[in-house]
Amino acid sequence: MGQNMHLLEDFIGARKKHSKNMEYRVLRKLGPEVFSRTDVDGQHQEMLELLKDAEGDPKELERYKALESYPAGSLGKGFWDFYAQFAWPLPGDQHWISEELTVRHDLIHVLCSYDISINGEFQVAAFTAGNSQLFNWMIATLGFTPPYVSTGQQFSASDFFQAYTRGENAKKSFVDNWDFWPEMAQQMNDLRAEYDI
C-alpha cells in the first residue's frame, strides 16, 4: 500500500477508539434500563460488554459532580446540564467506560450546540474530523457505517459540511489532546469567540 507500518498501526488504533466511542454513544441513549444491569433478556448485551470492566473512580465522579455548581453559561455547567437532561452516568461512575473515549466528544456537543439526533451526531463527527490532525477522513466517514446509521433520513449534508468547516477553521484542536479542565469554568460564549467556533 506504500504506507509506513507505524501509520497503519496508528490508523487501526484510532479506528478502534472511535468505533468503541460511537458504539457507546449510540447504546447509552437507551437510557437507565441499560445501566441498571438487569438485562435479563439480553437486549443490551453490547452495552454490558463495554461496561463489564468498568470499576468506577469515586474521585473522578466527585470532580464531575462538582460541575453542577459552576456558573451558568460556563463549559462545566453546560456539560453537567447536558448529562442531567438524559440522566446519564457521569465520568467516574461504575457505568461509565472512559473519560478519554467520551468527554471531548460530549464537550463538542455542548460547545457547538449540537443535539444528540442522528444529524447532531453527524455534526459532531464532522467537526471532530475537521478539527483533528489524525485520520480526519476516517473520523468523518465512520459514522456512515453500520451499526451506527440505519437510515439517512435525518442526515443533512449541508449541516455536515458546515460542521466540518467549523472544526477545520477553529483556532484550537478540541479533539486530539485538549486539556479541557482549565477551561471548564470559562463562559462558553467567550470560548467560542476566542477559538473562532
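Me: How far does helix α6 reach from its first C-alpha to its last?
Reply: This is a predicted model, where local features need pLDDT of at least 70, side-chain atom pairs count only at pLDDT 80 or more, and totals for chains, interfaces and linings use all residues. Residues are numbered from 1 along each chain as its sequence is written, and side-chain values use heavy atoms, with hydrogens and water left out. Helix α6 (a DSSP run of H or I, at least four residues, numbered from the N terminus) covers residues 99-112. You'd expect 20 Å (1.5 Å times one less than its number of residues), and its reach is close to that, at 19 Å.

Me: How many of the 14 residues of α6 are buried?
Reply: Buried means under 20% relative accessible area and exposed over 50%, with partly exposed in between (1.4 Å probe, protein chains only). Leu101, His105 and Cys112 are among the buried ones. The rest of the structure largely encloses α6, because the buried count is 12.

Me: Which residue follows α6?
Reply: Look just past the helix for a positive phi, near 60°. That residue is Ser113.

Me: What arc do the buried residues of α9 cover?
Reply: In α9, Phe160, Ala163 and Gly167 are buried. They sit on the same side of α9, because their arc (from the directions from the helix axis to the C-beta atoms) is only 70°.

Me: Which helix has the highest confidence?
Reply: Confidence here is pLDDT (the predictor's own score for each residue, from 0 to 100), and the protein averages 78. Helix α2 is lowest, at a mean of 55. The highest, at 96, is helix α10.

Conventions:
Helices (H or I, at least four residues) and strands (E, at least two) are DSSP runs, numbered from the N terminus.
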